[in-house]
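Student: I would like to go through this protein with you and ask how each label is earned. Could we look at it together?

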Amino acid sequence: MQNHEPIIACNFGAIEPTQRNDHADIAESIFTSALEIKELTNGYAFRLPLETAILQNAITWIANERLCCPFFTFTLEVGEQFWLQLNGDGEVKEFIKSTIVDTLQQTGKLPDKEAWIIAHTPTD
């Protein structure tokens, strides 16, 4: 029987080189604006300000993030509140916790974007 667990391997090379810095900046603006973080069974939910600019940034971020991190499942809930959910199978929840949640809770920001881009860009 084959294992269908996703492989947790970011491929920042899937995002055009000219868009990588913007992608990291958008991620920073989204996650540092989180008003609340909620642990879910298979991931985390981030309550974001219910503002048009944040919603547009979230959609732009998801459009690129799904290319480099196809193991994520994204859910946007927009009503009286705005929630961005990141979910996945297997070890994805721990990956979200270690790369986003823990860093936000400890420093108030995401990991250094230049180091992140370098670490996740293929060396062709």
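Tutor: Gladly. Accessible areas come from the Shrake-Rupley method with a 1.4 Å probe, and for residues only the protein chains shown count as cover. By that method the protein chain exposes about 7,300 Å², with carbon and sulfur atoms supplying 49% of it. This is a predicted model, where local features need pLDDT of at least 70, side-chain atom pairs count only at pLDDT 80 or more, and totals for chains, interfaces and linings use all residues. Residues are numbered from 1 along each chain as its sequence is written, and side-chain values use heavy atoms, leaving out hydrogens and water.

Student: Why is His-23 called buried?

Tutor: Buried means under 20% relative accessible area, exposed over 50%, and partly exposed in between (1.4 Å probe, protein chains only). His-23 has 3% relative accessibility, so it counts as buried. This residue is found in helix 1; helices (H or I, at least four residues) and strands (E, at least two) are DSSP runs, numbered from the N terminus.

Student: What does His-23 touch, not counting residues up to four places away in sequence?

Tutor: Its partners are Phe-12, Ile-15, Trp-61, Asn-64 and Glu-65, where contact means heavy atoms within 4.5 Å.

Student: Which residues in helix 1 are buried, and what puts them on the same side?

Tutor: They are Arg-20, His-23, Ala-24, Ile-26, Ala-27, Ile-30 and Phe-31. They cover an arc of only 160 degrees around the axis, so they lie on the same side of helix 1. The arc is that of the directions from the helix axis to the C-beta atoms.

Student: How do you know that Glu-36 and Arg-47 meet in a salt bridge?

Tutor: A salt bridge is a side-chain nitrogen of Lys or Arg within 4 Å of a carboxyl oxygen of Asp or Glu. For Glu-36 and Arg-47 the N to O distance is 3.0 Å, which fits. Glu-36 lies in strand 1 (residues 36-40) and Arg-47 in strand 2 (residues 43-48), so the pair ties together parts 11 residues apart in sequence.

Student: And what makes the Glu-39 and Lys-93 pair a salt bridge?

Tutor: Their side chains meet at 2.7 Å, N to O. Because Glu-39 lies in strand 1 and Lys-93 in helix 3 (residues 92-107), this pair ties together parts 54 residues apart in sequence.

Student: Are these two residues buried or exposed?

Tutor: Glu-39 has a relative accessible area of 52%, so it is exposed. Lys-93, at 18% relative accessibility, counts as buried.
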